[in-house]
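Thanks, everyone, for making the time. I would like to walk through one structure with you, starting from a small detail and working outwards.

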Amino acid sequence: MIAVFLTRAARHRALLAALFLLVLPFLLPFRATAVNVLIDGLFAVGFNLVYGYVGLLSFGHAALFGGGAYATGLALLRLGLPWYGALALGLVAGAGIAGVIGLLATRTRGIYFAMVTLALAECVYYLAYQASGVTGGENGLRGIVLTKIDLFGLDLDFVDPLTRYFVIATIVALALAALSRILASPFGAVMEMVRENEARARASGVDVRAVRVLAFVLSGAFSGLAGGLQALHLAIVPIETLDYGNSGMVVMMCLLGGAGTFFGPFIGALVFLLLQNLVALVSSHWQLPVGVVFMACVLFLPRGIWGQLARWRPA
Amino acid sequence: MAGLSLDLLALQIFTGLALGAVYVLLATGMSLIFGMLTVVNFAHGAFFALGAYAGFLVLALGGNFWLALLAVPIVTGLLGMAVEWGLVRHLYGRGIDDPLLLTFGLSYVLVELIRIFAGTQGLPFDTPDALAGAVDIGIGYFPLYRLFVIAMTVTILFLLWLFLERTRIGLIIRAGARDPEIMRVLGVDTGRVWRLVFGLGTAIAGLAGLLAAPLQGVSPEMGNAILADAFVVTVVGGMGSLAGAIIAGLLVGVIVSLTALFAPEAGDVAIFALMAVVLLIRPQGFFGRAGLMS
């Protein structure tokens, strides 16, 4: 009975995710956290595409997320693009940066990948830091103002928190539907094949490096979109968006929730942000408990929260 | 570039060597741990910061720099061994990413502990009196402390070489890196050897942090920035190779120092460009063995 239910659930995972997003802001103790769960959840979903499905551990995803955030912010501020154009540019920027980093980093394998992506992302950070004329440098990109969302005759008030939430939730739900489609495609199967058995994939005629780069680019598109949404939401792009800490955060979120599962990264983002917010109520040193929880997760719950739940099904 | 003399250039290169010496120590410790345990220690930067703060504590308690030089590697080395025993060793045999992720989480904990006990602000770290000032090294005056850093690095590397190549334990370590299974069959407790190696790596990281402290002051985040640099050194030099760590470390130090002179705005980016070029031409690094990469 339960197994049947879960199989059916898996088929309609994008729809289920959309339903979950619909009720999320009413479930959380902190309303403001809901939007962050959406954005970071999408970011973690993008990261999961390379780590969970292709098996590449990237420690440089901040460059993809931050690149998207800066591109969206600059498109609104300097180019005067409409909001959807700016978001599209963020997505493209994320994918583009991912292309460059991916092409370089996939020249190495295994353990090197994490180090190379970390170093290259650090390079992007310094570039943005130096180019203060364009990016605002240390102060971040300020003054991004978006009050109205207009599409197909709709005129939505982006300042209202709940409207804002549902606008962003709609975009995230569409992105999840796209992801679900990618994972269900033959390419999705090839990605998992590369993760599970590289030699066999090669023997089957799969261009392993091309799959890795393409997955990284797709991951960059999702991460860039998430970054763009954050730029619209915060009305500023802080330089910390490109920081090593942001790369580490998405790794933690994805692993807490469960790498290689569809819902895991979102659950991870939710748990991470709730933990962070709860600790912040009593102390500013949230990194200590978060680090301990993460270490415990690596040691005792390597499949993550959702990954463990999904396996635990009575036959 | 008027007024640029050969002496200035030589001095700048020498400054780069002093900076590179710190990279060499950091990368050596990382390479040692990786070569033996196939663990990439993401907390290596945190041990670096911990070493600097431990030194600060020794001075604050009334000790002097020489005492710190002795105490710091012992403290960070013992802590490293405790970490290996309590945390890392449970992950041997699992995926290669797992110990990396664990030490990443550990770096959060260690850095936050530093913030809790020593504050979030950076602190100044005085150059020890005996090493203050500058000496004439033939091409101009050079800060004595930087010379000391270079000399200490050479000494540490020489002692490490002696230990690995000329002692019985060193022999066991080298053999264990090649074939741990045979070592176990021969009756060697490889778990203890690995703990020792992990502690040795973190001891050198702590010492590097202490040596770097008078050059840059101490701050809880000092390890995060240098971790990326140490990765660049490791990628350029080749993982698991001590010779690679030394040559790449010095090269990176000199490049940082020279770009600071010629193109200050490119200073932070130059070493990443170097890494990109190395990745394109020789992905396994100068001395890397292709077999260690997967």
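Which residue in strand 2 of chain A does Lys148(A) stand opposite? In this model, which I should say at once is a predicted one, Lys148(A) faces Asp157(A). The two strands involved, strand 1 with residues 148-151 and strand 2 with residues 154-157, pair in the antiparallel sense over four bridges. Together they form a hairpin with two residues between them, and in that turn Phe152(A) has a positive phi of about 50°.

Let me move to the contact between the chains, to which chain B brings 37 residues and chain A brings 33. On the side of chain B that touches chain A, the elements giving two or more residues are helix 4 (97-118), helix 9 and helix 11, and the largest share, 15 residues, comes from helix 4 of chain B. By class, that side of chain B has 26 nonpolar, five polar and six charged residues.

Next, the largest nonpolar core, which has 200 residues, and in which Ala119(A), Leu120(A), Leu26(B) and Val232(B) touch the most other members; helix 1 of chain B gives the most to this core, with 17 residues. Beyond its neighbours within four places in sequence, Leu120(A) is in contact with residues including Gly60(A), Ile101(A) and, from chain B, Phe272(B).

Finally, helix 10 of chain B, residues 242-262: at 1.5 Å a residue, its 21 residues should span 30 Å, and its end C-alpha atoms are indeed 30 Å apart. Among its buried residues are Leu242(B), Ile246(B) and Leu250(B), and the buried residues of this helix pack against helices 1, 5, 9 and 11 of chain B.

Definitions and conventions:
Residues numbered from 1 in each chain as written. Chains lettered and ligands numbered in written order. Predicted model: local features only at pLDDT ≥ 70, side-chain atom pairs only at ≥ 80, totals over all residues. Expected span 1.5 Å × (residues − 1). Buried ≥ 20, exposed ≤ 12 C-beta atoms within 10 Å, placed from the backbone. Contact = placed C-beta atoms within 7 Å. Core = buried A, V, L, I, M, F, W, Y, C linked by C-beta atoms within 7 Å. Pairing = 2+ DSSP bridges. Nonpolar A, V, L, I, M, F, W, Y, C, P; charged D, E, K, R; others polar.
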